[in-house]
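Trainee: Could you take me closely through how the parts of this chain are held against one another? I would like the contacts in a connected order.

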Amino acid sequence: MQRYFIAADQFTETKVQLTGEDAHHAARVMRMKAGDKFIVSDGEARTAIAEVTEASSALVEADIIELLSTDSEPLWSVTIAQSLPKGDKMELVIQKGTEIGAYAFAPFQSERMIVQYDAKKEAKRLERWSKIAKEAAEQSHRNRVPDIEQVRSWRELMQGIERYDLALFCYEREGDAAHGKGIRTAVQEWKRRSERSMEQASSANLLLIVGPEGGFTEREAAEAESAGAVLVGLGKRILRTETAGIVGLTCLLYESGEMGGA
């Protein structure tokens, strides 16, 4: 059974409704009809098997026939703070980051950012990004859709670092294993510093900060470190901006133990 929807607003104890694009996709693309079953999540804690009672391109109604005890969310809540990249790279970051398990995405502006930020286009861009996150969450059977935050200024990003248990600043100058610090070392030091066991760290709220195509400036690195972020490298090679967040997120989820890590 591969039909999966996240319907946070239309999920009750006994029934669920699919509206808008979800209804159109179910009725017209998947050709679902009365008697067909699908999996649905309320976007938080409940996931269930539902059976269609009525289906049209405007509204699909279904009865909840079985609650499922599934939890596909990572132990650690990792927000990817991504400096706005050019083109459609942010869409790739959101799509793949959602599949892997990102909790949220926080786009921000930085000094070497290539793309020209246009506040007038922000609402449309956020709507597009939210749609991509929802589709990716459904494709990967997530329990929830990651939050897409408003675009922050550099100062706003720095001021928000204190809200996280650990903030990691991806900086290519830390990529030298002989002199720099990697994600594993940073996470291990954080655990020792906070005296957290794996169980105690299960609710950790982490921030992964990724720079633009031109990388971060020395000033930005110094300001991030001063604000409380830990400078880390992602290996000896220079990664593209749309690759760095995906790699960093995967490393963090491995270190959380989700993929059999430490």
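Mentor: Helices here are DSSP runs of H or I with at least four residues, strands are runs of E with at least two, and both are numbered from the N terminus. The model is predicted. By that numbering, α7 covers 241-255, and Ser 256 lies in the segment after it. Ser 256 is buried, with a relative accessible area of 1%. A polar atom of the Ser 256 side chain lies 3.4 Å from the backbone nitrogen of Glu 258.

Now to strand β3. This strand spans residues 37-41, and 4 of its 5 residues are buried. Strand β1 (residues 4-6) runs parallel to β3 and is joined to it by 3 bridges; Tyr 4 has Ile 39 as its bridge partner in β3. Strand β4 (residues 47-55) runs antiparallel to β3, with 5 bridges between them. Across that pairing, Val 40 stands opposite Ala 48 in β4. The hairpin of β3 and β4 has 5 residues between the strands, and Gly 43 there takes a positive phi near 85°.

The loop between β3 and β4 also holds Arg 46. Arg 46 forms a salt bridge with Glu 13, with the closest N and O atoms 3.4 Å apart. Glu 13 lies in the loop between β1 and β2, so the pair ties together parts that are 33 residues apart in sequence. Glu 13 is exposed, at 65% relative accessible area, while Arg 46 is partly exposed at 25%.

A second salt bridge joins the side chains of Asp 63 and Lys 15, at 2.7 Å from N to O. Asp 63 is in strand β5 (residues 59-68) and Lys 15 in strand β2, 48 residues apart, so this pair too links distant parts of the chain. Both residues count as partly exposed, Asp 63 at 27% relative accessibility and Lys 15 at 46%.

In helix α2 (residues 89-100), Lys 96 and Glu 99 are 3 residues apart, about one turn of the helix. They form a salt bridge whose closest N and O atoms are 3.6 Å apart. Lys 96 is partly exposed at 31%, and Glu 99 is partly exposed at 32%. Elsewhere, salt bridges that share partners join Arg 3, Lys 33 and Asp 36 into one network. The total is 19 salt bridges.

Disulfides add nothing to this: a search of the whole structure finds 0. The sulfur of Cys 251 is the nearest cysteine sulfur to that of Cys 170, at 9.1 Å. A disulfide needs the two sulfur atoms within 2.5 Å. Cys 170 is buried, with a relative accessible area of 8%, whereas Cys 251 is partly exposed at 31%.

Notes. Residues are numbered from 1 along each chain as its sequence is written. This is a predicted model: local features need pLDDT of at least 70, side-chain atom pairs count only at pLDDT 80 or more; totals for chains, interfaces and linings use all residues. Side-chain values use heavy atoms; hydrogens and water are left out. Buried means under 20% relative accessible area, exposed over 50%, partly exposed in between (1.4 Å probe, protein chains only). A polar contact is a pair of N or O atoms within 3.5 Å; within protein, one must be able to donate a hydrogen and the other to accept it, and residues adjacent in sequence count only if both atoms are side-chain atoms. Two strands pair if DSSP finds at least two bridges between them. A salt bridge is a side-chain nitrogen of Lys or Arg within 4 Å of a carboxyl oxygen of Asp or Glu.
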